[in-house]
Amino acid sequence: MRVRVEGESMLPVLRPGDWLWVRRGAPVRPGDLVVARLPSDASVLIVKRAVWRDDDGWWLESENQRAPGRRDSWDFGALAPSAIVGRVVLRYWPTFWRAR
């Protein structure tokens, strides 16, 4: 599936407007970027880093804790594995070219 990044909670790793390929149902390991459903509104998808898994589920964190409107496990706690939609495979847009 394709997902477009909105907001600044994943800066500097991901920027608003980045497009991601996400593999639905892929196994998740600590350190992976994942797409999950926001617990308070399952229609909203969030992109976060999976930090660790405990008995309650996955702990997801933003890269930029100071971003306006940021929501992660510091707000809602561990997220049930069923709320994880998939693992980010790659960012495909924009492509960045290095000037020589």
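This is a short talk about one lysine, the strands beside it, and some side-chain pairs in a predicted model.

I will start with K48. This residue lies in strand β4, which covers residues 41-54. Is K48 buried or exposed, and what is the nearest side chain of opposite charge? K48 is buried, and it has no salt bridge. The nearest side chain of opposite charge belongs to D72, at 5.6 Å. The cut-off for a salt bridge is 4 Å between the nitrogen and the carboxyl oxygen, so a distance of 5.6 Å does not count.

K48 does have a polar partner. Its side chain and that of S62 are joined by a polar contact of 3.0 Å. If we leave aside the neighbours within four places in sequence, the contacts of K48 include S9, M10, D32, L33 and V34. L60, E61, S62, R71 and D72 are also in contact with K48.

Next, the strands. Strand β3 runs over residues 33-38, and 5 of its 6 residues are buried. How does β3 pair with β4, and over how many bridges? The sense is antiparallel, and there are 6 bridges. The two strands form a hairpin, with 2 residues between them. Within this pairing, V35 stands opposite V47 of β4.

β3 also pairs with strand β6, residues 84-93. That pairing is antiparallel too, over 3 bridges. One position to look at is V34, whose bridge partner in β6 is R87. As background, side chains in a regular strand alternate between the two faces of the sheet.

Now the salt bridges. In general, side chains of opposite charge can pair when their charged atoms come close. The structure holds 6 salt bridges, and I will go through three.

One is between R29 and D32, where the closest N and O atoms are 3.9 Å apart. R29 counts as exposed, at 52% relative accessibility. D32 is buried, at 12%. D32 is also one of the residues in contact with K48.

Another is between E63 and R49, with the closest N and O atoms 2.5 Å apart. This pair links distant parts of the chain: R49 sits in strand β4, E63 sits in the loop between β5 and α1, and they are 14 residues apart. E63 is partly exposed, with a relative accessible area of 31%. R49 is also partly exposed, at 23%.

The third joins R70 and D72, at 3.0 Å from N to O. R70 is buried, with a relative accessible area of 19%. D72 is buried as well, at 0%. Salt bridges with shared partners join R70, D72 and D75 into one network. So D72, the nearest opposite charge to K48, has a salt bridge with R70, and the cut-off of 4 Å is why K48 is not counted as a partner.

Last, the aromatic rings. How many aromatic pairs does a search of the whole structure find? The search finds 3. In one of them, W59 and W74 meet edge-to-face, with 5.2 Å centre to centre and 90° between the planes. W59 is in strand β5, residues 57-61, and W74 is in helix α1, residues 73-76. They are 15 residues apart. W59 counts as buried, at 15% relative accessibility, whereas W74 is exposed, at 54%. Ring pairs link W52, W59 and W74 into a cluster.

Notes. Residues numbered from 1 in each chain as written. Predicted model: local features only at pLDDT ≥ 70, side-chain atom pairs only at ≥ 80, totals over all residues. Heavy atoms only, no water. Helix = DSSP H or I, 4+ residues; strand = E, 2+ residues; numbered from the N terminus. Buried < 20%, exposed > 50% of the residue type's maximum accessible area, 1.4 Å probe, protein only. Lys, Arg positive; Asp, Glu negative; His and termini not counted. Polar contact = N/O pair within 3.5 Å; in protein donor to acceptor, adjacent residues only side chain to side chain. Contact = heavy atoms within 4.5 Å. Pairing = 2+ DSSP bridges. Phe/Tyr/Trp six-rings, centres within 6.5 Å; stacked < 30°, edge-to-face > 60°.
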